[in-house]
Amino acid sequence: MPPRAHARPAGTAGQAGTEASGPPTGAGGPEIPEGGAELPGTPSAAAGRAGEDGAGGGLTGRQRLRAALWPPRISRNQLIMALLLFVLGLGLAIQVRSTNDASVLRGARQEDLVRILDEVDDQTKRLQEEKRRLEEQRTELETSSDQAEEARRQTEQRRQQLGVLAGTVAAQGPGLSITVGAPRGGVDGDRLLDAVQELRAAGAEAIQINEVRIVADTYFAQDGDRVRIDGRRVSQPFRILAIGDPQDLEPALNIPGGVVQSLEKEQATVDVSAEEKIVVDALRPEDRPDYARSSSP
């Protein structure tokens, strides 16, 4: 029998033949120079050049970006622009902080804003009235025939006014009568102090709690369930007498979240009544200075 031929794919046979016999010579194939050097056009030569460029003289895109950004090259114009931007940012930060300081008024309700505006207007009116009165006194002193007598009269009037503020002279006038009681618990001194401050801010000129006159240096202290005012123990119910314009004093106590609502939340009862005549007759001793003397001639 003739020998059996083994079947092979055509491509495999061709490749085997090429490997065995080498590349054809002549016009049909490229010539390989002596010494095994590859021609420039062959794929292996192009791959070799790419490897040389990546490992040697050439840079990747990331390396070129890093080289362009660092170290930074800052020109004079860029430095001036950065300084101007810093100053602008500092100014904006200060402006934002100032705006935040006024956020309390921005978040207030309309009723509270109206009350604050009314208090500012009332204080302005009182200052203008005081200015007008002082100008009248100066005119009277300048035009009076008996300037010495007029000066004594004004001095006595001023002494009475200062005595009312210092608590050494009794006072009377329109105002509020406030009664505070707490059947289920005590009212601490802080709540009484809040009431006094609200009354003063609203223009109260004389204040008395029970039998104690409230002046500029009055202090409140807690003594168990009781309150001490200037060292004197004061028991409930607390009766607060305040001389001033009732139309200014009463709204100051009844504002939402104010003194009255705070006391009522603590189970306290608060009775506020406006009266045409309030008498503040609790007096404080007149303290004379031991060392200080008037410097006026």
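## Salt bridges within helices

In this predicted model, R159 is partly exposed, with a relative accessibility of 45%. The side chain of R159 meets that of E156 in a salt bridge, at 2.8 Å from N to O. E156 is likewise classed as partly exposed, its relative accessible area being 37%. Both residues belong to helix α7, where they lie three residues apart and are therefore separated by about one helical turn.

A second pair is found in helix α8. Here the side chains of R191 and D194 form a salt bridge with an N to O distance of 3.9 Å, which falls inside the cut-off of 4 Å. R191 and D194 are three residues apart in α8, so about one helical turn separates them. R191 has a relative accessible area of 25% and is partly exposed; D194, at 29%, is also partly exposed.

## A salt bridge between distant segments

Which residue forms a salt bridge with D230? The partner is R284, and the closest N and O atoms of the pair are 2.6 Å apart. This contact links distant parts of the chain, as the two residues are 54 residues apart. D230 lies in the loop between β5 (226-229) and β6 (232-234), whereas R284 belongs to the segment after β8 (269-280).

Is D230 buried or exposed? With a relative accessibility of 19%, D230 counts as buried, because the limit for that class is under 20%. R284 is partly exposed, at 23%. Elsewhere, E129, R132 and E136 are joined into one network by salt bridges that share partners. The count of salt bridges comes to 11.

## Helix α6

Helix α6 (110-143) consists of 34 residues. From its first C-alpha to its last, α6 reaches 49 Å, close to the 50 Å expected at 1.5 Å a residue. The buried residues of α6 include the charged residues D112, R115, D122 and R133, and Q137 is buried as well.

## The largest pocket

The largest pocket holds about 740 Å³ of space. Its lining comprises 21 residues, of which R126, E130, L165, G203 and E205 are the closest to the centre of the pocket. Four elements each supply at least two lining residues: α6, α7 (147-166), β1 (171-181) and α8 (189-201).

Which element gives the most to this lining? It is α6, with seven residues. Sorted by class, the lining of the largest pocket contains nine nonpolar, four polar and eight charged residues.

## The second largest pocket

For the second largest pocket, the volume is about 410 Å³. There are 16 residues in its lining, and those closest to the centre are L162, G163, A166, T168 and E286. Seven of the lining residues of the second largest pocket are nonpolar, three are polar and six are charged.

## The enclosed cavity

Probing the atoms with a sphere the size of a water molecule shows where empty space is left. How many cavities of 30 Å³ or more does the model contain? The count comes to one, and the space within this largest cavity is about 50 Å³. The elements that give two or more residues to its lining are β1, α8 and α10 (259-265).

The lining of the largest cavity is formed by I178, V180, R191, L192, A195, I240, L253, V259, V260, L263 and V270. By class, 10 of these residues are nonpolar, none is polar and one is charged. The charged residue is R191, which also forms the salt bridge with D194 in α8 described above.

## The β4 and β5 hairpin

Strands β4 (residues 220-223) and β5 pair in the antiparallel sense, with four bridges between them. Within this pairing, A221 of β4 stands opposite R228 in β5.

The two strands form a hairpin, and two residues lie between them. In the turn, G224 has a positive phi of about 70°. The loop that follows β5, between β5 and β6, contains D230, the buried partner in the salt bridge with R284.

How values were computed: Residues are numbered from 1 along each chain as its sequence is written. This is a predicted model: local features need pLDDT of at least 70, side-chain atom pairs count only at pLDDT 80 or more; totals for chains, interfaces and linings use all residues. Side-chain values use heavy atoms; hydrogens and water are left out. On a 1 Å grid over the protein atoms alone, a cavity is a set of points where a 1.4 Å probe fits but cannot get out, and a pocket is an open set with protein on both sides within 12 Å along at least five of seven lines; lining residues have an atom within 4 Å of a point. Grid points are joined across faces, edges and corners, and a volume is the space filled by probe spheres set on the points. Buried means under 20% relative accessible area, exposed over 50%, partly exposed in between (1.4 Å probe, protein chains only). The expected span of a helix is 1.5 Å times one less than its number of residues. Two strands pair if DSSP finds at least two bridges between them.
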